[in-house]
Amino acid sequence: MSETATPAPVWPLLFSFKGPVIGQGFLAVVDLRGRLLARQEPEGLVLDGVNPGGFTCLAPTFELANLDLRATLLEVLADIAVEAETVETFQREVERFFHETDAATVATWQAAVAQFREARLSPPPEPLPQWSAESALYVHVTLKDLAGVMPTDNAERPTLAAAA
């Protein structure tokens, strides 16, 4: 008799992020709310980007994954800023990055939301706030002039929340 391994639960998450990015002759603040899929693997907690897609974070706990998420997003945004010759190009490329996803990943996220709502999916192992899965997703890029730069423009720690 062969045993089949039970697949690890995949939790649908929402997250918020806000942080400054310095580009070629500009300072911008990027503010976004996106979606993630989280799963526990033997090497740790894995966060896969849904919106934006194309990135993965790995850490032993949700708290540390949250910090890795911030660092990963700042790194991606800094890479975009290096390539962008103007703030308009930066904004366009950040929006492209944010909307880069695929239908299969979105479908997996939506199925995980349905399982969570039907109580067929156990909650994440660490307590997280719950936000509506229908919460608006957004990305805003705001150009700052140096006279308008405030301490509140510093990067905020991203917030992770279970999509319910």
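**Strand pairing and backbone features of the chain**

In this predicted model, strand S1, which covers residues 10-23, runs antiparallel to strand S2 and is joined to it by 14 bridges. Within this pairing, Ile-22 stands opposite Leu-27 of S2. The two strands, S1 and S2, form a hairpin in which 2 residues lie between them, and Gly-25, in the turn, has a positive phi of about 85 degrees.

Strand S2, made up of residues 26-41, is also paired with two further strands. With strand S3 (residues 44-51), S2 shares 7 bridges in an antiparallel arrangement, and in this pairing Leu-37 has Asp-48 of S3 as its bridge partner. The connection from S2 to S3 is again a hairpin, which passes through 2 residues. Strand S6, which spans residues 138-144, is likewise antiparallel to S2 and is joined to it by 7 bridges; here Val-29 is partnered by Thr-142 of S6. As for its surroundings, S2 is mostly covered, since 12 of its 16 residues are buried.

These pairings belong to a chain whose secondary structure comes to 3 helices and 7 strands. Read from the N terminus, the order of the elements is β-β-β-β-α-α-α-β-β-β, and among the contacts in the chain with a separation of 6 or more, 68% are made by residues 24 or more positions apart. Of the 164 residues of the chain, 41% count as buried. The area that the chain exposes is about 8,900 Å², and carbon and sulfur atoms supply 54% of this area.

Two loops hold further backbone features that can be located in the model. In the loop between S3 and strand S4 (56-59), where Pro-52 is found, a cis peptide bond joins Asn-51 to Pro-52, with an omega of about 0 degrees. In the loop between helix H3 (103-117) and strand S5 (130-131) lies Ala-119, a residue other than glycine whose phi is nevertheless positive, at a value near 60 degrees. Ala-119 has a relative accessible area of 66%, and it is therefore classed as exposed, the cut-off for that class being over 50%.

Technical notes: Residues are numbered from 1 along each chain as its sequence is written. This is a predicted model: local features need pLDDT of at least 70, side-chain atom pairs count only at pLDDT 80 or more; totals for chains, interfaces and linings use all residues. Side-chain values use heavy atoms; hydrogens and water are left out. Helices (H or I, at least four residues) and strands (E, at least two) are DSSP runs, numbered from the N terminus. Buried means under 20% relative accessible area, exposed over 50%, partly exposed in between (1.4 Å probe, protein chains only). Contact means heavy atoms within 4.5 Å. Accessible areas come from the Shrake-Rupley method with a 1.4 Å probe; for residues, only the protein chains shown count as cover. Two strands pair if DSSP finds at least two bridges between them.
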